Amino acid sequence: MPEHPYFPTLLRMIDERSAAFRATVAAAPSLDADVPSCPGWTLYDLANHLSEGDRFWAYIVLNTAPGDERPSKDGLAAPREREALITWLADSTEQLLTALREAGPDRGCWAWWEPLASPHTVAAVARRRVPESLIHTYDAQLASGTPQELPTTEAGDAIEEFLATVCTGTVPWPGEPATMDYHAAEAGSWRQTVDAAGSRFTRLTAAEAAESKPTAAIYGTASEMALLMYMRIPAGSLRMEGDADLLQQLQDWG
C-alpha cells in the first residue's frame, strides 16, 4: 500500500478543529444564537450539521465504493441539551476518525466531486473534512461573538483543497478564458484557469507568482484567503489586481 505521510496530519487537524468547535459551542451564550455566516441557522443547527456530516462520511468510507449511488443520511438529530450535544459532537468526530483509520487512506469510496485533482479515496475524504470543521468552527465563533483567525497550516491546506475538490471540473466556463491567481502570504500562491475545458489549478512557485500576469489576482493572509473562498468575508476586504469582476463571476458560476 502506498504511504500517505500526510494522512495522520489530516486526522490530527480534524480532531483539533472539532475540539475547538465543541469548546466554542460549550462556551456560547445560547445554542439559539444566529449564525451570521449561515443565514437561517442557529448555533444548534450548525452543530447538528457538522455532526451529521461526520457520521455520514464515517459510513461512506467503510461501506461504499467509487461509482456507487449517493448514500442517504440516517436523519439522526443531535440532542438539544448542551451537555448531551457536546458528548454527541465528540462521539461523531470519534466515529469519523475511527472509520478513516480503519479504512486506510487508499481505500476507494463514493464522493460527490469529480475525481480529477481530488480522487475518490479515504485520504481525499479526510482532507475534505478538515475545512468542514475549520470553517464551521469560525462560523460558531461568529455566532458567539468571538471570531478568530484561522490557523495558518489548516487554512493553507483548505485553500488548495478547495481548488482541487470544489473548483476542478469539466463543466465549460461560459466566458472568455481567464486566469485567477490567489496569493496567501504565509502559504503560497495558486492559479485557477477557466476555459471551455472547465476549471483546473496549479500551485505557483515564488518566481512564477512574481512574474505571472493573470486576468486577476487577489492577495491576503492564508486565513483571509480560505475565508474568502468559503465566502465568509467579502472580496473587497482583500487587495485585488486586474479584472475586479472575475472573482464574482467565478463565485456566481459555482
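**Notebook: a cavity, two pockets, a sheet**

I began inside the protein: S18, F21, R22, L50, S51, D54, L89 and T93 line the largest cavity. I work on a 1 Å grid over the protein atoms alone: a cavity is a set of points where a 1.4 Å probe fits but cannot get out, a pocket is an open set with protein on both sides within 12 Å along at least five of seven lines, and lining residues have an atom within 4 Å of a point.

Ground rules next. This is a predicted model, where local features need pLDDT of at least 70 and side-chain atom pairs count only at pLDDT 80 or more, while totals for chains, interfaces and linings use all residues. Residues are numbered from 1 along each chain as its sequence is written, and side-chain values use heavy atoms, with hydrogens and water left out.

**The cavity**

I looked up the elements around the largest cavity. Helices α1 (7-27), α2 (43-63) and α3 give two or more residues each to the lining. Helices (H or I, at least four residues) and strands (E, at least two) are DSSP runs, numbered from the N terminus. The largest cavity holds about 40 Å³ of space. Volume here is the space filled by probe spheres set on the points, and grid points are joined across faces, edges and corners. I found one cavity of 30 Å³ or more in the structure. Its lining has three nonpolar, three polar and two charged residues. For these classes, Ala, Val, Leu, Ile, Met, Phe, Trp, Tyr, Cys and Pro count as nonpolar, Asp, Glu, Lys and Arg as charged, and the others, Gly among them, as polar.

**The pockets**

I turned to the open spaces. The largest pocket has about 580 Å³ of space. I noted 22 lining residues, and the closest to its centre are F162, V166, C167, L250 and G254. Which helices supply this lining? Helices α5, α7 and α8 each give at least two residues. Helix α8 has the largest share, four residues. The lining divides into twelve nonpolar, eight polar and two charged residues.

The second largest pocket holds about 230 Å³. I list its lining as H49, L50, G53, F56, W57, R70, K73, W110, W112, R128, R129 and E132. Helices α2 and α4 each supply at least two of these residues, and α2 gives the largest share, five. By class I count five nonpolar, two polar and five charged residues.

**The sheet**

I traced the strands. Five of them form an open sheet in the order β3-β2-β1-β4-β5, with mixed pairing. Two strands pair if DSSP finds at least two bridges between them. Why do β3 (198-204) and β5 (239-242) each have one side without a neighbour in the sheet? They stand at the edges, each with a single partner strand, so one side of each is left free of a neighbour. The twist averages 15° from one strand to the next. Axes are lines fitted to C-alpha atoms, for helices over the stretch in contact, and angles run from 0 to 180 degrees between N-to-C directions.

Strands β1 (residues 178-184) and β4 (residues 216-220) run parallel, joined by five bridges. I picked out one partnership: M180 bridges to A216 in β4.

I then checked what packs on the sheet. Helix α5 (residues 152-166) touches β1, β2 (188-195) and β3, and its direction makes about 15° with that of β2. Contact means heavy atoms within 4.5 Å. Helix α8 (residues 246-253) touches β1, β2, β3, β4 and β5, at about 100° to the direction of β1.

**Helix α7**

Helix α7 (residues 222-229) is mostly covered, with seven of its eight residues buried. Buried means under 20% relative accessible area, exposed over 50%, partly exposed in between (1.4 Å probe, protein chains only). I wrote down the buried ones: A222, S223, M225, A226, L227, L228 and M229. Their cover includes α4 (122-144), α5, β1, β4 and α8. Just after α7, M231 takes a positive phi of about 55°.

**Two single residues**

R55 sits in helix α2. Is R55 buried or exposed? R55 is buried, with a relative accessible area of 12%. Leaving aside residues up to four places away in sequence, R55 touches W88, D91, S92 and Q95.

P119 lies in the loop between α3 (82-103) and α4. I read P119 as partly exposed, at 39% relative accessible area. With residues up to four places away in sequence not counted, P119 touches W113 and A124. I also checked T165: its C-alpha atom is 8.7 Å from that of P119, and the two residues are 46 residues apart along the chain.
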